[in-house]
Amino acid sequence: SLTNTRGICWGAGKLFIGLVDMGRVGVFTPDGELISWIGQMGQFPNPLDIVYDAGRRRLLIVDNKVHNVFVYSETGDSLFALGKRGDAEGEFNFPQSAAVDPDGNMYVVDAFNFRVEIFDVNGKFLRAFGRQGNVYGAFLRPKGIALDKTSASTPNVYITGETKSTDFTSAVTPPGVGLTCAGNSGSLAFVAELSQTALNVPSVAYSACFGHISGAATTSGNAI
């Protein structure tokens, strides 16, 4: 039986599961039979998220304990790693999750640097967006990420997180509503999980250019 599992994904007809007690990723058949291992024993102390890149037949393994994103072939060959602990470009402070667009660009949620970092298919840092704050376009604790297929190079980016605000009654007009994204830089949509569940307030969603507000689905709510 599996205990103390973390990230999981499906790809190439197999299941890839992060196992904390083993410090590695197990590769399983759909019936749960172990096929092979990815990584050496203890290499991934907390494989929080695993993403399968079907276009390149490789895996992204996000480990927030060592502040790295490891890139492996689906057969278990180490290709390269992204980041180290820090706050400079290309560095991480407790990365949480990742996503890959059709071109192979990699998007990593860098939770306690309050941003999303984007790397090209070979691991070169491209850009980042986000900042700490309790206003529209800022992060308090970003967690999950997903991309849609609006465009291969500029997909919409969806991020989940938590709001810490206790004021859900007043309408807050985001600054810059109607701003046009320069250079077709894409849009960013936040989906906030409200931490005060007893208040029974629905999730908040709004869209933005990378780091700039361009519109809002609602004018109530705060940062995530």
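The exercises below work through a predicted model, from its overall make-up down to one strand and one residue.

**Exercise 1. Overall make-up**

Task: State how many helices and strands the protein has, and what share of its residues is buried.

Solution.
- Step 1. Take the secondary structure. The protein has zero helices and 17 strands.
- Step 2. Take burial. Of the 224 residues, 48% are buried.
- Step 3. Take the surface. About 10,400 Å² is exposed, and carbon and sulfur atoms supply 50% of that area.
- Step 4. Take contact range. Consider contacts between residues at least 6 apart in sequence: 43% of these join residues at least 24 apart.

**Exercise 2. Confidence**

Task: Find where pLDDT stays under 50, and decide how to read those stretches.

Solution.
- Step 1. Start with the average. Mean pLDDT is 76, and 67% of the residues reach 70 or more.
- Step 2. Locate the weak stretches. Residues 164-189 stay under 50. Residues 191-224 do so too.
- Step 3. Check their contacts. Beyond four places in sequence, the model gives 64 contacts to residues 164-189. For residues 191-224 the count is 116.
- Step 4. Apply the general caution. Predicted coordinates should not be read in detail where pLDDT is low. The contact counts for residues 164-189 and for residues 191-224 therefore call for that caution.

**Exercise 3. The sheet of β1 to β4**

Task: Give the strand order of the open sheet, and name its edge strands.

Solution.
- Step 1. Write the order. Four strands run β1-β2-β3-β4, with antiparallel pairing.
- Step 2. Find the edges. β1 (5-11) and β4 (34-38) each pair on one side only.
- Step 3. Add the twist. From one strand to the next, it averages 25°.
- Step 4. Look at one pair. β3 (residues 24-28) meets β4 through four bridges, in the antiparallel sense. Gly 26 stands opposite Trp 37 in β4.

**Exercise 4. Strand β6 and its neighbours**

Task: Work out which strands pair with β6, and explain why β6 counts as largely enclosed.

Solution.
- Step 1. Take the β5 side. β5 and β6 pair in the antiparallel sense over six bridges. Tyr 52 stands opposite Leu 59, and Asp 53 has Arg 58 as its bridge partner.
- Step 2. Inspect the turn. Four residues lie between β5 and β6 in their hairpin, where Arg 57 takes a positive phi near 55°.
- Step 3. Take the β7 side. Six bridges join β6 to β7, again antiparallel. Asp 63 has Asn 68 as its bridge partner in β7.
- Step 4. Inspect that turn. This hairpin has four residues between the strands, and His 67 takes a positive phi near 60°.
- Step 5. Count buried residues. In β6, six of the six are buried, so the strand is largely enclosed by the rest of the structure. β5 (residues 47-53) has six of seven buried, so β5 is largely enclosed as well.
- Step 6. Sort the side chains. Arg 58, Leu 60 and Val 62 point one way from β6; Leu 59, Ile 61 and Asp 63 point the other way. In a regular strand, side chains alternate between the two faces of the sheet.

**Exercise 5. Leu 60 and the nonpolar cores**

Task: Place Leu 60 in the structure, then identify the core to which it belongs.

Solution.
- Step 1. Place the residue. Leu 60 sits in strand β6 (residues 58-63).
- Step 2. Test burial. Its relative accessible area is 0%, so Leu 60 falls under the 20% cut-off and is buried.
- Step 3. List contacts beyond four places in sequence. Leu 60 touches nine residues' worth of neighbours, including Ile 50, Val 69, Val 71, Ala 98 and Met 106.- Step 4. Check a long-range distance. The C-alpha atoms of Leu 60 and Ala 99 lie 8.5 Å apart, with their positions 39 residues apart along the chain.
- Step 5. Name the core. The largest nonpolar core has 13 residues, and Leu 60, Val 69, Leu 82, Met 106, Val 108 and Phe 119 have the most contacts inside it. β6, β7 (68-73), β9 (95-100) and β10 (106-110) each give two or more residues to this core.
- Step 6. Separate the other core. Another core, of 12 residues, lies apart from it; Val 27, Ile 38, Tyr 52 and Ile 61 are among its members.

Note on methods
Residues are numbered from 1 along each chain as its sequence is written. This is a predicted model: local features need pLDDT of at least 70, side-chain atom pairs count only at pLDDT 80 or more; totals for chains, interfaces and linings use all residues. Side-chain values use heavy atoms; hydrogens and water are left out. Buried means under 20% relative accessible area, exposed over 50%, partly exposed in between (1.4 Å probe, protein chains only). Contact means heavy atoms within 4.5 Å. pLDDT is the predictor's confidence in each residue, from 0 to 100. Two strands pair if DSSP finds at least two bridges between them. Axes are lines fitted to C-alpha atoms, for helices over the stretch in contact, and angles run from 0 to 180 degrees between N-to-C directions. Accessible areas come from the Shrake-Rupley method with a 1.4 Å probe; for residues, only the protein chains shown count as cover. A nonpolar core is a set of buried Ala, Val, Leu, Ile, Met, Phe, Trp, Tyr and Cys residues joined through side-chain atoms within 4.5 Å.
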